[in-house]
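Biologist: I have a structure open here and a few short questions about it. Can we go through them?

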Amino acid sequence: MFKINENYLKLPGSYLFSTVGRKEREYKEAHPEKKVIKLSIGDVTQPIAPSIIEAMHKAVDEMGHAETFHGYAPDLGYEFLRSAIVNGDYKARGIDMDIDEIFVSDGAKCDSGNIQEILGLDNVIAVGDPVYPVYVDSNVMAGRTGTYNADTGMWSNVIYMPCLEENGFAPTIPEQTPDIIYLCFPNNPTGAAITRPELQKWVDYANEKKALIIYDAAYEAYISEKDVPHSIYECDGAKTCAIELRSFSKNAGFTGVRLGFTVVPKELKCGDVSLNALWARRHGTKYNGAPYIVQRAGEAVYSEAGKAELAGQVAYYMNNAKVIKEGLAEAGFSVSGGVNAPYIWLKTIDGMSSWEFFDYVLENAGVVGTPGSGFGPSGEGYFRLTAFGTYENTVEAIERMKKLIK
Ligand code: MLT
């Protein structure tokens with residue numbers, strides 16, 4: 001008789017954004033006359049930039065001719081894309097990187113869930129609280145998190161690093177020593193960022209404790225301040241303790257196109273074992289690569305025209321972030337984030353819980369956000385709004401939300 005992976009039964013409820021999506025659908029069905037504005041999941045709304053579309057069209061045409069047709073992509077991704085990444089994201093920032101350290105994939109969400117497969121089950125993970133739910137949920141599925149306490153919303157084998165007002169909504173080094181540390185900067189969901197010297201402390205700590213940092217830099221394109229690092233490899237010694245996850249979803253609007261990559265440095269070892277070799281083995285066995293057409297689109301992200309167009313897109317979304325942050329602050333909300341990240345983290349009003357506030361905002365302003373408690377217990381009493389809507393909808397949503405404060 002077959003057996004299921006019982007770890008799945010431990011997962012409390014559905015994936016956060018599935019629950020938010022269901023609630024939005026139900027509300028719309030019950031109120032078809034109302035215009036609901038979605039500022040919940042960080043999904044982009046601007047069309048793919050013209051030079052990227054052009055590169056995709058060209059690649060589509062190539063696929064229609066025997067001489068230029070492409071079948072399976074190379075295991076780690078096409079060299080043209082991996083070189084563009086190395087030059088555009090690393091060498092341009094003074095970071096030495098080899099193309100064999102870059103693993104192209106169909107997105108950082110999958111990579112952030114899959115990466116723990118090459119790590120032992122007895123590792124203790126540390127996560128920010130609140131945190132992007134995939135890190136915890138994928139470790140639950142693997143059986144690494146122990147038992148769930150429904151009262152506290154915490155797992156017995158997970159070290160939670162609270163991200164609260166007093167620490168600028170960014171995690172600080174925990175008392176208990178973890179084996180694996182998940183860091184996300186600029187942070188999803190709080191929008192917090194840290195400086196290079198602050199990140200250096202994490203790198204030094206991980207090297208000292210022989211811990212591994214899984215560094216999610218999916219939002220690096222949104223950094224506006226100079227002393228905030230775009231990559232963990234800007235810190236000395238990061239190559240011996242960190243894996244970096246990158247995404248094209250937010251910097252190039254690829255949420256529907258699907259492209260990302262993971263950096264596993266060759267120096268990163270557990271004893272004599274190279275993590276780069278393990279991930280290469282896993283990638284080669286379980287993955288057939290992002291489509292050629294999409295990898296050509298990714299290459300165009302690094303072209304001069306692509307870079308200029310995408311800078312405009314990032315500026316467009318960051319202007320939305322400003323509209324949200326300044327508008328809500330003016331109305332009396334307590335807000336943070338939105339300076340180096342496309343997320344605004346706000347306190348609920350009148351002592352409402354995150355989900356109570358979710359319902360209140362939906363019913364009274366027709367705006368969908370994401371309840372902070374969905375990201376972890378320390379998110380309770382908070383609410384996340386994304387800057388990825390259209391400008392017009394963002395302005396309208398904030399005008400409506402301003403009226404919630406009497
Ligand atoms: C979010 O809203 O947190 C993200 O868009 C989710 C994701 O990237 O998977």
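Biologist: Is Cys184 buried or exposed?
Modeller: This is a predicted model, and in it Cys184 is buried, at 5% relative accessible area.

Biologist: Which cysteine sulfur is nearest to Cys184?
Modeller: That of Cys163, 9.9 Å away. Cys184 is in no disulfide.

Biologist: And Cys235, what is the story there?
Modeller: The closest cysteine sulfur to that of Cys235 belongs to Cys241, at 8.7 Å. That is too far for a bond, because a disulfide needs the two sulfur atoms within 2.5 Å. Cys235 is also buried, with a relative accessibility of 3%.

Biologist: How many disulfides are there in the whole structure?
Modeller: A search of the whole structure gives 0 disulfides.

Biologist: Switching to helices. How do H1 and H10 sit against each other?
Modeller: H1 covers residues 16-30 and H10 covers residues 354-365. Their axes come within 11 Å and cross at roughly 35°. The crossing is right-handed.

Biologist: Which residues make that contact?
Modeller: From H1, Leu16, Thr19, Val20, Lys23 and Tyr27. From H10, Trp355, Phe358, Asp359, Leu362 and Glu363. By class, the contact has 6 nonpolar, 1 polar and 3 charged residues.

Biologist: Last topic, domains. Where are the bounds?
Modeller: Domain 1 is 7-47 + 306-402, and domain 2 is 52-303. The centres of the two, taken over C-alpha atoms, are 24 Å apart.

Biologist: How many residues from each are in the contact?
Modeller: Domain 1 contributes 38 residues and domain 2 contributes 47 residues.

Technical notes. Residues numbered from 1 in each chain as written. Predicted model: local features only at pLDDT ≥ 70, side-chain atom pairs only at ≥ 80, totals over all residues. Heavy atoms only, no water. Axes fitted to C-alpha atoms, helices over the stretch in contact; angles between N-to-C directions. Helix = DSSP H or I, 4+ residues; strand = E, 2+ residues; numbered from the N terminus. Left-handed = near helix turned anticlockwise from the far one by under 90°. Contact = heavy atoms within 4.5 Å. Nonpolar A, V, L, I, M, F, W, Y, C, P; charged D, E, K, R; others polar. Buried < 20%, exposed > 50% of the residue type's maximum accessible area, 1.4 Å probe, protein only. Domains from an automatic or database assignment.
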